[in-house]
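Hi everyone, thanks for coming. I have one structure to walk you through today, so let's put it up on the screen.

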Amino acid sequence: MDEEDYVENTWTYILLCGEPTLFEGLRFARDLILANLTLRFVIQYISLPHNVRHSLSLVIGCFLLYYNVGPAVIWTLGLTIGAYLSIIFISFITKRWRGFIITFFVITFLLLCEVYVINPKMWQQIRGIQMVAAMKIISVAIELDRDLFKQMLNPVEFGGYLLCPANSILGPWIPFHAYTSYLNVKFLSRRWIKLIIINLFLSMFFLTLSNCIIPWYIDDDTSKWLTAYRDAQAFRMSHYFVSSMSVVSMLTAGFGLTNDCHLDIQVTKPFFIELPRSLVQVVIFWNIPMHQWLKNYIFKTCQPYGQFLSILITYAISSLLHGFNFQLSAVLLSIGSFSYVEYNFRYKVASALEVCCLANPCVKQCEHRFKKNSLLAVFVNTIFSLITIMHLAYLGVMFEASFSVQESGYSFYHTISKWENLNYFSHGFVAFMYIIYLMM
């Protein structure tokens, strides 16, 4: 095949793949945008009482959920009603342990639904919706324990918060106080429209990269590490698509904006993930709102019991919220242990070499001899960045699978076979790094 035929076939493939991909992506975006614009324009032009605004969010959110997942919405409604009644009941007994009890109740409910009640295909359809609702429920319960509410939320406040069309499907999680303050924001400006268009374009760009571009530019017959990097990168691009679309959903409802239309919410930072400094920063920037939720409500609650145990419980809760999925659990717990070892190892290296190479960037007035722009610091940080990129390829490779596997969930053997093909490199490398750390 000559060069002209190759270029022609390439563009033909991209067009044949890109057209249906963009069509489906824009059709999904249309539903989110219409529902949230309805919420925004009613709030904008009609003066509504406090509870009516929450009721409007509740009703529109229910319609949007039903339109997207059909009868399966009953499980989200059941979780919402059950959690509210449970919080009310527990509040009569104790004012101290509501967060712990509700966390246990919510996670148990999700796991029982996944194992005994809901078929795998339906669970994959609503898993993300249930997880966002669970995060909201747990945050309300813990904030009640911390006396951040003058009184328990009434039913329409609670329902409006959990089922809000701005973030009930794709997220991101936001605290109740941010949600209710956004309902009071009123604005109309070109900047608002511009932000919606920019993020919609970004979401379609990432979707096209994930489905059409990245699977094409590295062949299957290349080295196993290159194909692993390709598959992991395609998965990351699909995550950026979901994150950007969630921003579109929030923006069209007027959420995540100040009165002067400045964006004050960010879900992910692709640049810091594709060119990472460390796994620690990948964890932070992968899903910023969820990281904040885990840090504020899980890690800080467990911090009195020690740093390692706090990290372990945090990643365990994150894994359980995703359900009985060996693949996700294995990845999340691996990232937790990898980042813990990396953080401590880099601290030892930074102290030994007096160089700015911590997992997080040093502050401007750090005491290291070799600052971040020195040759040694650039070299050491580049090495760690390359190691992180290999870890991302290793951890993300098993998310490539056929559509039927994605619908029913990933099995134990699927995950193990992917890592076995890469000789369990990252697990072995991190174990070696931990031994060196102990000897330093």
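**A walk through the helices**

Let's start with Ser57, which sits in helix 2, residues 50–69. Before going on, please keep in mind that this is a predicted model.

Is Ser57 buried or exposed? It is buried, because its relative accessible area is 0%, and buried means under 20%. If we set aside neighbours within four places in sequence, the contacts of Ser57 are Leu39, Gly160, Leu163, Cys164, Pro165 and Tyr179.

Staying with this part of the model, have a look at Val156, which belongs to helix 6. Val156 touches Asn51, His54 and Ser55, again not counting residues up to four places away in sequence. Along the chain, Val156 and Val59 are 97 residues apart, yet 9.8 Å separates their C-alpha atoms. With a relative accessibility of 23%, Val156 counts as partly exposed.

Now to helix 13, where I'd like to spend some time. This helix runs over residues 307–321, so to speak a stretch of 15 residues, and its first and last C-alpha atoms are 21 Å apart, close to the expected 21 Å. Its buried residues are Ser310, Ile311, Thr314, Tyr315, Ile317, Ser318, Ser319 and Leu321. For those who like helical geometry: an α-helix has 3.6 residues a turn, so residues three or four places apart point the same way.

What covers the buried residues of helix 13? The cover includes helix 4, helix 5, helix 11, helix 12 and helix 14. Seen from the other side, helix 4 has buried residues of its own, among them Arg98, Ile102, Val106 and Glu114. The buried residues of helix 4 pack against helix 3, helix 5 and helix 13.

Helix 13 also has something to show at the surface. Tyr305, Phe308, Leu309, Leu312 and Leu333 form a nonpolar patch there, with about 510 Å² of accessible area together. Helix 13 gives the largest share of this patch, three residues. Take Leu312, which lies in helix 13: at 42% relative accessibility, Leu312 counts as partly exposed. After the helix comes Gly323, with a positive phi near 100 degrees.

One more helix residue before the loops: His239, in helix 9, residues 224–252. His239 is buried, at a relative accessible area of 13%, and touches Thr268 and Trp286, residues up to four places away in sequence not counted.

On to the backbone. Most residues other than glycine have a negative phi, and most peptide bonds are trans. Where does this model depart from that? Asp147, in the loop between helix 5 and helix 6, has a positive phi near 60 degrees. Asn423, in the loop between helix 17 and helix 18, also has a positive phi, about 60 degrees. Asp147 counts as exposed at 63% relative accessibility, and Asn423 counts as exposed at 55%. As for the peptide bonds, the one joining Gly171 and Pro172 is cis, with omega about 0 degrees. Pro172 lies in the loop between helix 6 and helix 7.

Finally, a word on confidence. The chain has a mean pLDDT of 87, and 92% of its residues reach 70 or more. Confidence is highest in helix 6, at a mean of 96, and lowest in helix 16, at 45. Over residues 401–408 the pLDDT is below 50, and this stretch has eleven contacts beyond near neighbours in sequence. Where pLDDT is low, the predicted coordinates should not be read in detail.

Conventions:
Residues numbered from 1 in each chain as written. Predicted model: local features only at pLDDT ≥ 70, side-chain atom pairs only at ≥ 80, totals over all residues. Heavy atoms only, no water. Helix = DSSP H or I, 4+ residues; strand = E, 2+ residues; numbered from the N terminus. Expected span 1.5 Å × (residues − 1). Buried < 20%, exposed > 50% of the residue type's maximum accessible area, 1.4 Å probe, protein only. Contact = heavy atoms within 4.5 Å. Patch = residues over 30% accessible without salt bridge, like charges linked within 9 Å, V, L, I, M, F, W, Y side chains within 5 Å. Areas by Shrake-Rupley, 256 points an atom, 1.4 Å probe, with all protein chains shown as cover. Salt bridge = Lys/Arg side-chain N within 4 Å of Asp/Glu carboxyl O. pLDDT = per-residue confidence, 0-100.
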